[in-house]
Amino acid sequence: LLPLALPLRGGATPNPSHPAPKDLDWSTFGFSLNNLKTPYMYLDQLSGSSSHATFDGSGGGSGSLKSGWHNKNNPPKARTLITKHKPLSLEPSSTILNYGQGLFEGIKAFRRPSNEIVIFRPQKNAERCRRGCARILIPPIPDATFVEACKEVVRYNAEYVPPTGKGALYLRPIVFGSAPKLGVAPSDEYTFCVWCSPVGNYFKTDSNATQTTLLSSVSPITLLVSRSYTRSCVGGVGGVKAVGNYAPVFKCQSETKAQGFNEALFVDAKEGQWIEEAGASNFFIYIPHPNKPGGTLVTPPLNNGTILAGVTRDSILTLARAELPDVTVEERPINLSELSSASEAFCCGTGASITPVGDIHVPSVTEEGEETKFIFYNGDRKAGEVTEKLYKMLHDIMWGEDKRLEKKYADWITVV
Ligand code: PLP
Ligand code: COI
């Protein structure tokens with residue numbers, strides 16, 4: 001029986017009727033396709049006059065049909081929007097293939113111990129996708145359409161949502177120009193697809209090869225500050241999830257890995273002094289007060305448009321401000337030299353979750369200079385106390401394991 005037969009659900013009522021997870025060895029899953037394909041995806045297309053006439057890039061907030069994308073109030077004529085997972089066929093001259101006119105999102109759905117399935121903050125991804133659409137001239141997907149598409153994909157692929165604590169079903173909404181075109185201009189047709197894949201941990205370091213709900217047994221990662229490559233610049237597209245932001249990171253990533261580090265840490269393109277983010281995650285440090293309890297949690301600000309506005313970043317800032325009274329929260333530039341006063345550092349993102357950083361290597365700017373090394377965890381390979389608290393709160397909300405937090409942050413959770 002297909003999940004379509006289920007009543008559409010909203011609010012916080014558990015839906016125990018979801019099928020149990022498939023009998024797979026979930027503990028071996030990493031952040032990859034894990035050699036499997038989920039059966040269903042969401043697929044919509046906007047073409048001809050509908051993409052032109054309504055193309056104002058201005059929004060399309062909840063429920064708006066401004067852009068003409070289909071949804072249950074504006075059903076497509078010939079077909080359903082959920083289809084079997086299948087290859088897409090594209091003209092070689094499509095604007096996505098030639099000019100990179102496309103965006104993607106990353107969202108996780110979790111199975112709670114009650115068998116209820118929830119999606120974490122899809123509304124925030126919908127908003128970010130809409131801002132990205134405005135930046136690269138794609139007709140915006142109304143937030144409600146975006147969120148409903150994610151829910152549908154989870155409902156149809158519910159058997160692939162791993163058991164609690166064993167990972168998540170990762171949703172990949174993609175939207176791109178799919179019409180043929182030679183002129184350097186926006187497409188006349190757009191495709192919106194949501195596909196999904198079950199995933200485990202993003203980083204594979206030695207002790208986190210298997211899933212854990214306790215961050216204290218996750219190995220910290222090592223970062224190398226990139227001196228040769230930058231990810232983003234003022235006026236560019238680093239602040240949105242444009243597909244073209246990721247391939248330029250590959251070479252840097254591969255060189256970083258070849259030197260024995262897990263990930264590159266990018267600094268600003270102009271002065272090379274100010275930390276921005278890793279290639280696919282935001283960055284935080286914690287600076288303890290020198291002579292009293294508590295300290296300051298710092299992450300770089302979003303104001304110059306070079307850093308992606310992570311949903312995890314926003315969640316951490318909110319939790320730290322509201323739930324950690326000893327911690328002051330600052331969104332301000334972080335100079336590389338400040339790493340010496342930090343006692344904790346971590347990366348965060350939907351894929352990366354909260355991943356503690358064990359050490360950061362900063363190559364000298366000149367050939368003769370020395371590399372500086374900042375070590376946060378040595379020997380015991382544990383995350384710091386503040387990193388641990390944030391991880392626990394975030395996952396308690398995702399997995400519904402803290403009633404007080406769950407109630408307070410109820411709007412972060414979309415029940416499927
Ligand atoms: N920065 C970049 C460049 C990313 O690709 C991501 C992942 O989406 C993030 C940060 C973290 O964002 P989020 O927490 O929304 O996944
Ligand atoms: C995510 O964390 O969801 C991302 O999209 C980052 C990366 C996997 C590209």
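The paragraphs below go through the predicted model from its overall make-up to its ligand shells, helix packing and single residues. Local features in this predicted model need pLDDT of at least 70, and side-chain atom pairs count only at pLDDT 80 or more, while totals for chains, interfaces and linings use all residues. Residues are numbered from 1 along each chain as its sequence is written, and chains are lettered from A and ligands numbered from 1 in the order in which they are written.

The protein chain has eight helices and 17 strands; these are DSSP runs numbered from the N terminus, with helices being H or I of at least four residues and strands E of at least two. Of its 416 residues, 46% are buried. A residue is buried if 20 or more other C-beta atoms lie within 10 Å of its own, exposed if 12 or fewer, and partly exposed in between, with C-beta atoms placed from the backbone. Contacts require C-beta atoms, placed from the backbone, within 7 Å. Among contacts between residues at least 6 apart in sequence, 73% join residues at least 24 apart.

Two ligand shells can be listed, where a residue is near a molecule if its C-beta atom, placed from the backbone, lies within 6 Å of it. Around ligand 1 are Gly106, Glu277, Ala280, Ser281, Asn282, Leu308, Gly310, Val311, Thr312, Arg313, Gly349 and Thr350. Helix 6 (residues 311–323) supplies the largest share of this shell, three residues. By class, the shell of ligand 1 has three nonpolar, seven polar and two charged residues; Ala, Val, Leu, Ile, Met, Phe, Trp, Tyr, Cys and Pro count as nonpolar, Asp, Glu, Lys and Arg as charged, and the others, Gly among them, as polar. Ligand 2 is surrounded by Gly106, Tyr246, Ala280, Gly349, Thr350, Gly351 and Ala352. That shell holds three nonpolar, four polar and no charged residues.

Helix 6 also packs against helix 7 (residues 385–399), at an angle of about 105° and with the axes 10 Å apart. Axes are lines fitted to C-alpha atoms, for helices over the stretch in contact, and angles run from 0 to 180 degrees between N-to-C directions. The two helices, helix 6 and helix 7, are therefore roughly perpendicular, since angles of 65 to 115 degrees count as such, those under 35 as roughly parallel, those over 145 as roughly antiparallel and the rest as oblique. Ser315, Ile316, Leu319, Ala320 and Glu323 of helix 6 meet Leu390, Met393 and Leu394 of helix 7. This contact comprises six nonpolar, one polar and one charged residues.

A second helix pair is helix 3 (residues 122–136) with helix 4 (residues 143–156), at about 130° and with axes 9 Å apart. Helix 3 and helix 4 are therefore oblique to each other. In the loop between helix 3 and helix 4 is Leu137, which has a positive phi of about 55° although it is not a glycine. Leu137 counts as partly exposed because 14 other C-beta atoms lie within 10 Å.

Ala109 lies in strand 4 (residues 107–111) and is buried because it has 28 C-beta neighbours inside 10 Å. Its contacts beyond four places in sequence include Ile117, Val154, Leu171 and Val416. In the loop between strand 4 and strand 5 (117–120) is Asn115, with a positive phi of about 85° although it is not a glycine. Most residues other than glycine have a negative phi.

Methods. Two residues are in contact if their C-beta atoms, placed from the backbone, lie within 7 Å.
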